Every structure is written in structure tokens, then in C-alpha cells.
Amino acid sequence: MSETIVFLIAGPIALGSALFIIMSKNAVHSALWLILNLMALAVLFVDLDAQFLGVVQFIIYAGAIMVLFLFVIMLLGVTREELLGEAIPIQRVVSGILGVALAGTLVWILLNAYDESAFGSLAGANSAGNVQGLGRLLFSKYIFPFEVTSILLIVAAIGAMILARGRTEEESASEVERHSGEDVRL
Amino acid sequence: MSYYWQYGTLGALTAVGGAFVVIAFLGNRLMRPRKPRVEKATTYECGMDPVGEGWSNTHIRYYLFAFLFVIFDVESVFLFPWAVQLEKLRPQGTVLVEMIVFIGILAIGLLYAWKKKVLEWVK
Amino acid sequence: MPFVAPHIAWHGIAPELALVGGALVALLIDAVKPAVDRRFLAGLSLATIGLAAWFTFDLRDTRAVIMQGTLAVDGVALFGRLILLITAAMTILISYHYLSRRRIHRGEYYPLLLLATSGMTLLAASNDLLLSFLAIETLSLALYVMVGFARRDEKSQEGALKYFLLGAFSSAFLLYGIALTYGATGSTQLSVISKQAAVASVDERLMFVAVAMIAVGFAFKVAAVPFHMWSPDAYQGAPTSVTGFMAAGTKAAAFIGFFRVFLVAFGALQWDWRPVLWIVAVATMAVGSLLAIAQTDVKRMLAYSSIAHAGYVLIGLVAANRDGVSAALFYLLIYAVMVLGAFAAVIVSAPGGSERLSLAEWGGIGRRYPVFGGAMTLFLLALAGLPPTSGFTGKFLLFAAAIKAHENALVVAATITSVVAAFFYVRLIVLIWLQDPPPDDGHPGIGPTPALITSLGIAAAATIVFGVWPQSLIDLARNAISHGFVG
């Protein structure tokens, strides 16, 4: 009962805020709506017994990643209204139709496929506690994907540093410049 | 769900916090005198009028720090399930090494950033 | 839930450990000593790849599912590693002088290349959808950065951005498909999904959507129509050596992952996905071949040609038999070699940083530099699939596999598009040989270096040898799949 009430509150908030993300003209407003959206999703995760995921959603998405989003928006400037124009005339109409078709198919199938027994609760997995159960799985069965995650993260870190970093003065003066100075324009 | 009451404290705190803001502003509004004038509605009642827009572009160096923050945030999230279970998992050495490898690989990324002077504030 | 201590099969992941270890060492060296000679980093990377190849060779008789069911060690995984390691080694050979000439020779190039390669080999061997996703992301993130490596070149930045945006978009599809698969079957492990998918209680509609979403994710990575839009811009903008790496490596890794997921996990549903992939294969071959005709830029033309080739490899998946898998493995290897050869030729085509990118600049180049013109001609013939090159053998094997699976209409479509595609390859060959060379003054010559000559030589030799005496490689590809997929 209580989870239905929470769902009925958080679900519409998630949907409504998602609509506002794409309808806001101002990118910063979109980002703020996105925070609300992510928070509503976090509540839904908790509602589904995935407490750790809910908290992670808060910390990583609503916290860290939104900071990144806002920095990028501020980096690019928020008053770029020319970006809202359409390159191909009927793009918006076509993508709208296809998007609604895709969403409609998914909703229809998920509604029909919903089966209480197949989508059981996490009661079994959570028997020793949600975080504890996760820890056991993560460090036994999924240890290899877990370690690969660290490789993924370091690739992301190197990539961001390469693409975003300006060259320092020492570097410009050093040997490196011969290799990685102004690259020749083709 | 049976243990929703555990969130009761959080809910109560949210409710009290919200009520505090509403009551404070409402009380303020009820008790203060209201004599609106055009000049009072401007941003600065005295001094220079603002020129241009309030937005300004940030430097990309903020982005790098935010990005590194995300990466180490993700790492710290993985530390939680590890930390609560370390004592119960056997053999402990394996589980310890698993996390050391994970952190070690990311530490190399940090070392790289440090040596490449990414962590220094570029003026 | 009892905790079972994980069993780490070190020998099974040794190739990846070597690649990641080598990458981290190269990264540290570059960080501590930024002025390090790039030759050292390139040599270190080649040694790492050699070590990984040796570890791979060591696994030749092993067949197992290791790392708690997430990684497969079987013939297909090993053949995949072979293709990808060869690709990485040749990419380093063609990169070295190219990056120096364009003055974008940053030390991070080598760690990124090795990490991307490790992502690719993991994708080829992954037996779990979660690991597949992580591997795809690892290789993609590294490649987004490598495409945008020329930071002052707008085209490079544009290509990187488009690749990144569409790649991230496709990853979302893939991830959603994985989530739905897990919802329907309760597992992400391929063999478990396969068992569950055959059970009547699993919801078919849910599986359809899941399979469709995962297909979209893989189709983006292999650049199959209609998910090919990113590839011409990314291929054109990327530094040429990276373009070669993407065309050879990403395609091979994504295809082997595609084959493994669809034939192992979704094998029971093949009557549902085969007709769809049939259409995708025909559309991919047709669009790639037709649009390539209109291109005036060599790299862009090769990009569309690579789309068309994705269509040919899809034939092997639509055939969905062992011949299809072995033919696709054979094709991916010879395609990797010939396309890297073609991009090596593009790099050689001019000294300095500016290659001959417009087709017109290739006019008469064969008359002035017969050996160079001959090499490029050979790669173009192979890409067109004409005898006596390996391209012909590869197409022949794929078509034979399709006929065995009674997909005759598909073979007819593939033959027609091959003829169309032959047009633009032959047009370039005609340009190279039959046009008068431009007057000598002021025109750039060609810029061969020992490393580039080596890679051109290897590629040319392989293209001829596997065209004339293909049997040993065919046997190797057949042996790789003779016991099926493990798991």
C-alpha cells in the first residue's frame, strides 16, 4: 500500500519534470528540472527496495553529474538560441512521431508483459541487507566486470584531460611541443 | 513496504523544514508594512544600473575538476558495499586485493593528472 | 546467499592483463617523462601487443567459461583476439610518422590505443551482457578521444562530437535492451539467457523488444544502415591512422560480440531476428555502395565502403550457421588487413601533413610511383572483392554460407551491390593508372617511411596470399567455430 502511494507521488513528478526538461528554452532550467527528475527516480528506486541504488542516484547523478552538466552549460553559454533551430525542416515532426511510436510500443509491451511473479521483489536478494547483498555479488560473481569498470573510468579520465586541458607554459616550451604543438590543418 | 517508517524521520524533517520556511515568510509578510514604490522594485535601489546579462562563460578548467570529481565519486560509491562486507567475506585477502586493484588503476589516473599538471590551477 | 570466493583464471585473462598493464606503464612513463621519445612508447606498445599475442597463442587448446561465467575462452574469442591484435600492431606502424607529421603525437595515444584494444578483445570474448556493455564503452570512450585527437582540426572535433553523441545514444539502447533481457530471463549471462529464452514461460514480447534494442546498439557500432550516419563524418575527421583502427578493429570486435550474443543468447529466437537483419544487411550493402559513388574524398569513400562491408559480414549472421561464423571471421581478418593497407596508402600518399584526400589528387599517381600505385590498386581490388585477392575469397565464403542456409535472395542482392560497389573502386584505379600525372613542379611526392612500407608490405602480401592460397586461414577460421561457441 505505502509503496503505491509513494509511486503515485514520485511517478508523475518524474514524468512531468522529464517533459519540462525538453520544453524549457533555457538550458539551465532544463538542468534544474533534470535534478528533480533524477531525485524522483531515486525515490522510485528506494520504493522498489533498491535503497543503495537510490542513494547512488542521489550522490552520483543528482550531485556529481549535474555539477558537470551545469559547468558545461555555463561553459557554452546559455543564450545560444540559434542551436534550437532545425537543420532539416520536418525533423521535429518526424522525430516526434517516431518517438511517440517507440514510447507507445514500449509502454504497450511492458504493460502486457507485466507479471507479478516474474518481477518479484528484492526480498530474497535483500535478506542480509541491500548493500550487503550487493557487496557479496559485486566481489564474487561480478568481480571481473567490476575491475573492467576501473579501466573504463581511467579511460574516461584520460580522455577528459586530453580534450579539455589547455597547454601549460612549461609544456609549450618543452620538447613535447615538437610533437604536439599546433597540428597541421588539412 | 514494512520499513517505510525508517524514512519517517526524514519525512518529518522535510515537513518541519518546509513548514519553517513557509511560516517564516508568511509571518514576515503579515507583519511587515507594505508601501510599494517603483524604485523599490529595482534590483539595486542605489548605485549603478546593471548592464548586460547576468550569465558569463566559465572556464573549462572547472569542467576538468568536476569530471575528476565524478570519477572518484563513482569509485567511492563502490567502496560502500565493499566496506560493509569486508569483514564477512572470505578469504579476506582476495576481497582486499580486488579493491586494491580497482583503486590502484584509478590512482594511476590521478598520478597521471598530477604529473601532467592538470590539478594545477591554470591562470 | 552464501559468498563464494571468486576464482580468477589468470591465464584466461592474461592477454587483457598484458594490454592493460602495458597501457598503464606507457601512461606512467608519459606522465613522469613527457619528453620521452615517442619511438620508445610505440616500441613498448608493440611489445605489449606481442606479449598479449603470445598469451593468446598459449590459450589455443583451452575451451572454458571463466571469471564466474563472464568470459568465454573458445576458438571465436581467440580468433577475435588475433584479428584485434594484428589490427592494433598495424595501427601503431601506420600511426607513428603520421602523428608526428601532423604534430599531434601526444604520448597518450598509445595507452588509449592499448586500452581500446583491450576493450575490443573483451567484447569479442564476453559471455555476459554486462561485460559486453563495459567493453563496448571502454573501446568507444577511447575512440571518441582518438577521433578528436587533432584538437586544432575542426573536422576532427566535429567527427568526435558526432561519434560521441550518437555512440552515447546507441549505448542507451543497448543498456535498455540488456535490462529488458534481464527482466525477462533473470540473467545477463549468455548461456543462461539462451536456456531461459527457449522456455515457454518467458515473455516473448519482452524478448522481442530486448533483442531489437540490443540489435540497435550493435548495429550502431558496426555502422549498419540505418544506424550508419555517424561513420562518414567520424571516419573523415579522425586522424587517418585512427580511421583505419576504427574501420578494422571496432568493426571486428563489435561484429564478434554481435555474433556471440545473437547466436548464443538469442539463438532460440533466430526466426524472429533473422528476417529483420536480412533487411538491415541488404539496406547496408545498398546504401554503402550507392553513396560511396558520390564521394569525392578518399577517406569518406572508404567510410561508405566500410558500411557496405558491414552489410557483407551481416550475411554471415543472417546465415546463422557455423559456415556463416567462420566466413565472417575470415572476412573480418582479411578486411582488417586490407582496409588498414588502404589507409596506410592514404597516409603514404603525401609527405608532410596533408594527404591526398580528394580523388582528383590521385590522378596518374600510379605512373609516377608504380609500386605505391600498385599497392593501392591491390587494396582497392580486394575491397571490391575481385580475384585474385583475399576480398574475393572472403565474399565467396560468405555467399556460400548464405546459400547453405537457403538465403539465395540475399546472395543475389549482395552480388548486385558488389557490382555497384566495384564501380567506384575501379574508377579510382582508372584514375591512378590511366590519367596523365600532373606536371612535376610543386606537386608533393609520396612520403613512405620504413614503418609505413612494412605495414603496406604486410597488408599487400596478406591480401594476395589469402586470395591465392586461402586454405590455411579458412581452416583456422573453421577450427575456431568447429566446436561451436563455448557456454
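**Close-ups of a predicted model**

**View 1. A buried alanine between two helices of chain C.** C:Ala223 counts as buried, as it has 28 C-beta neighbours inside 10 Å. Remember as you look around that this is a predicted model. You'll find C:Ala223 in the loop between helix 8 and helix 9 of chain C. What is the phi of C:Ala223? Phi is near 60° here, a positive value in a residue other than glycine. For background, most residues other than glycine have a negative phi.

**View 2. A cis bond at C:Pro226.** Stay with the loop between helix 8 (204-222) and helix 9 (230-237) of chain C, since C:Pro226 is found there too. The peptide bond joining C:Val225 to C:Pro226 is cis, and its omega is about 5°. Most peptide bonds are trans, by the way.

**View 3. Two prolines in a row, joined in cis.** Now hop along chain C to the loop between helix 15 (370-384) and helix 16 (390-404), the place of C:Pro388. Which residue is joined to C:Pro388 by a cis peptide bond? The partner is C:Pro387, and omega for this bond is about 5°.

**View 4. A methionine with a positive phi.** This close-up shows C:Met67, in the loop that links strand 1 (64-66) and strand 2 (71-73) of chain C. C:Met67 isn't a glycine, yet its phi is positive, at about 55°. Is C:Met67 buried or exposed? With 27 other C-beta atoms within 10 Å, C:Met67 is buried; the cut-off for that is 20 or more.

**View 5. Helix 13 of chain C, end to end.** Helix 13 takes in residues 322-348 of chain C, which makes 27 residues. At 1.5 Å a residue it should span 39 Å, and its end C-alpha atoms are indeed 39 Å apart, so the two agree. Not much of helix 13 is left uncovered: 26 of its 27 residues are buried. A handy thing to know when looking along any α-helix is that there are 3.6 residues a turn, so residues three or four places apart point the same way.

**View 6. Where chain A meets chain B.** Chain A brings 40 residues to this contact, and chain B brings 40 residues as well. On the chain A side, helix 1 (2-23), helix 3 (51-76), helix 5 (130-138) and helix 6 (143-164) each supply at least two residues. Helix 6 of chain A gives the largest share of that side, 13 residues. Sorted by class, the side of chain A that touches chain B has 28 nonpolar residues, eight polar ones and four charged ones.

Methods
Residues are numbered from 1 along each chain as its sequence is written. Chains are lettered from A and ligands numbered from 1 in the order in which they are written. This is a predicted model: local features need pLDDT of at least 70, side-chain atom pairs count only at pLDDT 80 or more; totals for chains, interfaces and linings use all residues. Helices (H or I, at least four residues) and strands (E, at least two) are DSSP runs, numbered from the N terminus. A residue is buried if 20 or more other C-beta atoms lie within 10 Å of its own, exposed if 12 or fewer, and partly exposed in between; C-beta atoms are placed from the backbone. The expected span of a helix is 1.5 Å times one less than its number of residues. Two residues are in contact if their C-beta atoms, placed from the backbone, lie within 7 Å. Ala, Val, Leu, Ile, Met, Phe, Trp, Tyr, Cys and Pro count as nonpolar, Asp, Glu, Lys and Arg as charged, and the others, Gly among them, as polar.
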